[in-house]
Amino acid sequence: MSAESNFTRPARLAAIAPYVWMVLFFLVPFLFVLKISLSQTAIARPPYTPVLALHEGWGAIKTAFAALSLDNFRLLVSDDLYVLSYLRSLVVAAGSTTILLLIGYPIAYGMARLPQRWQGVAMMLVIIPFWTSFLIRIYAWINILQHDGLLNRVLLALHVVSTPVVWLSTDSAMYLGIVYSYLPFMILPLYATLSKMDQALLEAASDLGASPREAFWRVTLPLSLPGIGAGALLCFIPIVGEFVIPDLLAGSNALMIGQTLWLEFFNNKDWPAASAVAVVLLLLLLAPLLLYDRLQRRQLERT
Amino acid sequence: MASGPNQLSRFNVTALTAGLAFLYLPIVILIIYSFNASRLVTVWGGWSLHWYAEFFHDQAMIDAAWMSLRVGATSATLATILGTLSAVALSRGAGFRGRTLFSGMLYAPLVMPEVITGLSLLLLFVAIDAERGFWTVVVAHTTLTMCFVSVVVQARLGTIDRSLEESAMDLGCGPFRAFVAVTLPLILPSVLAGWMLAFTLSLDDLVIASFTTGPGSATLPIRIYSEVRLGVKPEINAICTLVVALIALVIVAASLVSKISDARGKTAAPL
């Protein structure tokens with residue numbers, strides 16, 4: 001950290017507005033989620049009791065707090081629907097993160113090996129789909145995967161299959177959609193560490209008699225571990241809570257937790273249950289979130 | 001063969017080409033089919049602009065698109081101001097009290113599942129009895145996209161010699177003037193790139209907007225989503241192509257801006 005200059009103090013003042021904003025619209029809302037997860041469903045507006053009425057004085061607040069209960073969390077543990085949703089989300093996230101790593105690593109590695117002036121172009125090409133609408137890219141796959149879609153037409157024309165294959169509403173379609181959507185998130189951190197790697201190390205390994213394969217496993221891979229960690233977390237955490245992709249591409253017999261939360265909220269209008277689902281999801285993701293935060297901090301301190 | 005450890009192997013090239021094809025092919029197919037004359041999405045019936053005309057007669061869809069553009073521009077502007085301020089504080093403010101909490105809050109929305117962010121903001125809006133619609137979505141999108149602006153601007157600030165703003169102050173500028181006259185022009189390309197990124201992210205968001213909007217003010221992704229759930233319609237292909245074209249325009253503008261700044265000095269990460 002550099003010594004304090006006369007610009008340091010005023011620069012700190014710049015934090016005030018964004019600080020207040022994030023406390024108001026990021027931190028405080030979680031307290032509301034926590035509070036409502038302890039409330040009861042009611043047919044009212046808003047659809048839960050007790051409603052905190054600050055203007056009714058201290059007595060009213062005390063009764064409101066007394067009415068809070070852990071019932072929603074008991075429901076989460078006792079009903080298989082929720083437990084299975086959480087499990088499915090974790091399994092899908094772990095599975096697709098692994099696939100993303102296996103696909104993303106060779107691409108990032110190839111990018112890092114390109115001549116310098118091509119690296120910028122390749123990076124731009126990877127970033128552009130990230131800018132392009134998420135929903136549209138999933139929709140593009142529905143076009144291709146549907147019953148009389150392009151994929152089935154091609155397969156039929158090539159006589160690979162004799163009848164159209166059901167692609168939509170399957171787990172494979174969902175994995176495909178997830179891998180497709182999150183690929184840039186995996187490639188970019190991998191590329192960042194691989195491109196910064198000192199090539200002299202590989203030459204040294206080769207001079208010392210290591211085959212290219214050996215050099216990869218014993219030099220490149222260990223050195224790219226920070227990139228692997230960052231990419232894996234950047235994909236794993238949001239995939240656990242993913243809603244759009246499983247909703248549009250997977251079948252409806254097994255739900256991911258993001259879908260369960262959405263259904264509780266929008267279809268069942270059970271806000272307290274949806275909040276409880278969110279609280280538990282947040283607790284599950286706390287460890288990976290903190291790990292990600294530490295990696296991010298270390299990354300920024302190094303630059 | 002002279003294939004040293006630094007050479008690009010055939011495997012590298014194949015991985016790269018296949019990866020890029022995988023990323024781009026579905027979008028290209030979507031664009032081609034948006035010009036399909038046939039009502040059946042998968043049968044090719046010749047080139048036509050029919051589905052674009054259909055879109056321009058669909059008032060609900062137009063309203064949603066207009067809503068999305070307004071939300072995107074407003075929230076991107078707010079996010080750019082707040083994100084730039086936070087980048088200045090984090091990159092020039094050294095250690096200050098609450099810095100860890102600040103950066104933690106700032107970066108969390110990058111990975112936080114959208115259903116959680118959406119639900120928590122909605123519960124806040126209900127608790128304070130805010131009328132849901134345009135402004136609640138703007139607030140939600142500002143919170144979501146601020147961190148992206150901050151990351152882009154911080155990367156740029158890291159490449160700028162900080163003695164410049166210090167000498168401006170030594171020469172008698174106040175801190176605000178030193179920032180506006182010296183730092184801001186230097187980081188402007190990244191500030192603009194941040195705005196464009198925030199704009200496209202807002203244009204893209206379905207989940208958070210679904211939670212925080214009110215009746216009668218659907219955004220474009222909300223409309224598209226409800227149509228897509230009913231099945232593939234050629235009109236949606238046309239709308240999606242228009243959105244992709246708009247985003248491509250924004251990207252071209254962003255890369256032109258960074259080209260110009262490239263001529264003046266090294267640019268930051270092109271995110």
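**Questions on Chains A and B**

Of the 303 residues in chain A, 43% are buried (20 or more other C-beta atoms within 10 Å of the residue's own; exposed means 12 or fewer, partly exposed in between; C-beta atoms are placed from the backbone). This is a predicted model, in which local features need pLDDT of at least 70 and side-chain atom pairs count only at pLDDT 80 or more, while totals for chains, interfaces and linings use all residues. Residues are numbered from 1 along each chain as its sequence is written, with chains lettered from A and ligands numbered from 1 in the order in which they are written.

Me: What is the radius of gyration of chain A, and what does the globule rule give for 303 residues?
Reply: Chain A has 15 helices and two strands, which are DSSP runs (H or I, at least four residues; E, at least two) numbered from the N terminus. Its chain is more spread out than a compact globule because the radius, taken over C-alpha atoms, is well over the value of the rule, which is 2.2 Å times the number of residues to the power 0.38. The two values are 25 Å and 19 Å.

Me: Which helix of chain B gives the most to the side that touches chain A?
Reply: The contact takes 74 residues from chain B and 88 residues from chain A, two residues being in contact if their C-beta atoms, placed from the backbone, lie within 7 Å. Twelve residues of the chain B side come from the helix that gives the most, namely helix 1 (residues 10-34).

Me: Where does helix 8 of chain B bend, and by how much?
Reply: Helix 8 (residues 175-204) of chain B has 30 residues, yet its end C-alpha atoms are only 37 Å apart, short of the 44 Å that a straight helix would reach (1.5 Å times one less than the number of residues). A proline, B:P185, follows the bend within four residues. The bend, which is the angle between axes fitted to the seven residues ending at a position and the seven starting there, lies at B:L184 and is about 60 degrees.

Me: Is B:I187 buried or exposed?
Reply: B:I187 lies in helix 8 of chain B. Not counting residues up to four places away in sequence, B:I187 touches B:V153, B:R156, B:L157 and B:I160. With 25 C-beta neighbours inside 10 Å, B:I187 is therefore classed as buried.

Me: How many of the 24 residues of helix 6 of chain B are buried?
Reply: Helix 6 (residues 134-157) of chain B has end C-alpha atoms 33 Å apart, which agrees with the 34 Å that its residues should span. A kink of about 35 degrees is centred on B:T145. Helix 6 of chain B is largely enclosed by the rest of the structure, because the number of buried residues is 22.

Me: Which residue in the loop between helix 5 (114-127) and helix 6 of chain B is exposed?
Reply: The residue in question has 7 other C-beta atoms within 10 Å. Its phi is positive, about 60 degrees, although it is not a glycine. The residue is B:D129.

Me: What is the mean pLDDT of chain B?
Reply: pLDDT is the predictor's confidence in each residue, from 0 to 100, and 91% of the residues of chain B reach 70 or more. Over residues 1-5 of chain B the pLDDT is below 50. Where pLDDT is low, the predicted coordinates should not be read in detail. The mean for chain B is 84.
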